[in-house]
Amino acid sequence: MNLEQMRYIVVLAEELHFGRTARRLGLQQPTLSQQVRKLEDELGVSLFERTTREVSITAAGESFVAEARRALHHVERAQLAARQTGRGDVGELSLGFVGSAVPELIPRLLRRFRRVYPGVELQVRELPSARQIEELLAGRIDVGILHAWGESEISEGVASQEIFRDVLVAALPRRHPLAPTVLLPTAKLASEPFIMFPRRMGPALHDRITSLARAAGFEIQVSQEAGHMQTIIGLVAAEVGVSIVPRTMAALRQPGVEFRQLTPKPEPLPLQLVWRRRETSPVVRNFRAVLSSDSPAVRGHNDS
């Protein structure tokens, strides 16, 4: 017994006519008759009663057709599931991202991906850059969005693609004496208490900020550490200190905080998409494609 024979029986049960059934299936009538008889012989029962004038289905035939319809339906579902999974239309995707990507990039990207691939279940986690690489290599996230200086900071087992360019700005309490300054020289922050995240959580961004301060002639004096960008901004609003953060954080419009452009203007701050170098998941491939189409200026690096 095979699936084709099951289809023949189901269609014949609907038509109760060998000629019409053969035409519908694209077969020669003798071939159809031969296949039906072969299956009946295998089962040891008659599925149809035939006379020169009509064809009628037997009780055994009705039972067989009921189960055959269910079996064929399951086969179709299995075929559909395989095709959808192979195309990445269904499945799961776990995404890690740094907090500075939340205000501008993450909401737009997730909305777009959900519109194109509604059958994919998304799991999102805010993670520091260094932690994302660990989670990615351990298989606990599928893709990450993080800060990185360049190729040297990306693990050998990870591929990356620049997706966005940000810039560093000063975050000041609203009542700070420097807050009215539109273009703020970085050197003016030399004596200020800083709120920073621990370097181990994001070495690339941490080093970028401290290098910017050194270029202005001072070492940052950290008065308070915080693990998330939103917390840093909240502490600035509470007048605990000042900070230097990605410009995207200004989109949060935190009351009590002013964001000011630094002079001289810092170098662009790359935001990168990372994934396992030998990743074969169609869902990851589709996520990368959607992100690339969302960001026309994307440049590829280490593409696998």
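Helices are DSSP runs of H or I with at least four residues, strands are DSSP runs of E with at least two, and both are numbered from the N terminus. The structure shown in all views is a predicted model.

**Figure 1. Overview of the chain and its dimensions.** The chain contains 9 helices and 14 strands. Its radius of gyration is 32 Å, whereas the globule rule gives 19 Å for 304 residues; the chain is therefore more spread out than a compact globule. Taken along the principal axes, the box filled by the C-alpha atoms is roughly 105 × 40 × 30 Å. Of the 304 residues, 46% are buried. Among contacts with a separation of 6 or more, 73% join residues that are 24 or more positions apart. The accessible surface amounts to about 15500 Å², and carbon and sulfur atoms account for 50% of this surface.

**Figure 2. Close-up of Leu 16 between the helices 1 and 2.** Leu 16 occupies the loop that links helix 1 (3–15) to helix 2 (18–25). Most residues other than glycine have a negative phi. Leu 16 is not a glycine, yet its phi is positive, at about 50 degrees. The relative accessible area of Leu 16 is 32%, and the residue is therefore classed as partly exposed, a class that lies between the 20% and 50% limits.

**Figure 3. Close-up of Arg 253, a further residue with positive phi.** Arg 253 is placed in the loop between strand 11 (243–246) and strand 12. Its phi is near 50 degrees, a positive value in a residue other than glycine. With a relative accessible area of 71%, Arg 253 counts as exposed, because that class begins over 50%.

**Figure 4. Close-up of the cis peptide bond from Thr 263 to Pro 264.** Most peptide bonds are trans. The bond that joins Thr 263 to Pro 264 is cis, and its omega is near -10 degrees. Pro 264 belongs to the loop between strand 12 (257–263) and strand 13 (269–276).

**Figure 5. Close-up of His 176 and its contacts.** His 176 is located in the loop that connects strand 7 (168–173) with strand 8 (183–185). The relative accessible area of His 176 is 13%, so this residue is buried, the limit for that class being under 20%. When neighbours within four places in sequence are left aside, His 176 is in contact with Glu 192 and Val 242.

**Figure 6. Close-up of the largest cavity and its lining.** Rolling a probe the size of a water molecule over the atoms shows where empty space is left. The model has 3 cavities of 30 Å³ or more. The volume of the largest cavity is about 190 Å³. This cavity is lined by 17 residues, of which Val 98, Gly 99, Pro 128, Gly 227 and Met 229 are the closest to its centre. The lining of the largest cavity comprises 9 nonpolar, 7 polar and 1 charged residues.

**Figure 7. Close-up of the largest pocket and its lining.** The largest pocket holds about 180 Å³ of space. Its lining consists of 12 residues, and those closest to the centre are Ser 211, Leu 212, Ala 215, Pro 266 and Glu 267. Helix 7 (residues 203–215) gives the most to this lining, with 4 residues. By class, the lining of the largest pocket has 7 nonpolar, 2 polar and 3 charged residues.

Key. Residues numbered from 1 in each chain as written. Predicted model: local features only at pLDDT ≥ 70, side-chain atom pairs only at ≥ 80, totals over all residues. Heavy atoms only, no water. 1 Å grid on protein atoms, 1.4 Å probe; cavity = no way out; pocket = protein on both sides within 12 Å on 5 of 7 lines; lining within 4 Å. Points joined across faces, edges and corners; volume = space filled by probe spheres on them. Nonpolar A, V, L, I, M, F, W, Y, C, P; charged D, E, K, R; others polar. Buried < 20%, exposed > 50% of the residue type's maximum accessible area, 1.4 Å probe, protein only. Contact = heavy atoms within 4.5 Å. Rg over C-alpha atoms; globule rule 2.2 N^0.38 Å. Areas by Shrake-Rupley, 256 points an atom, 1.4 Å probe, with all protein chains shown as cover.
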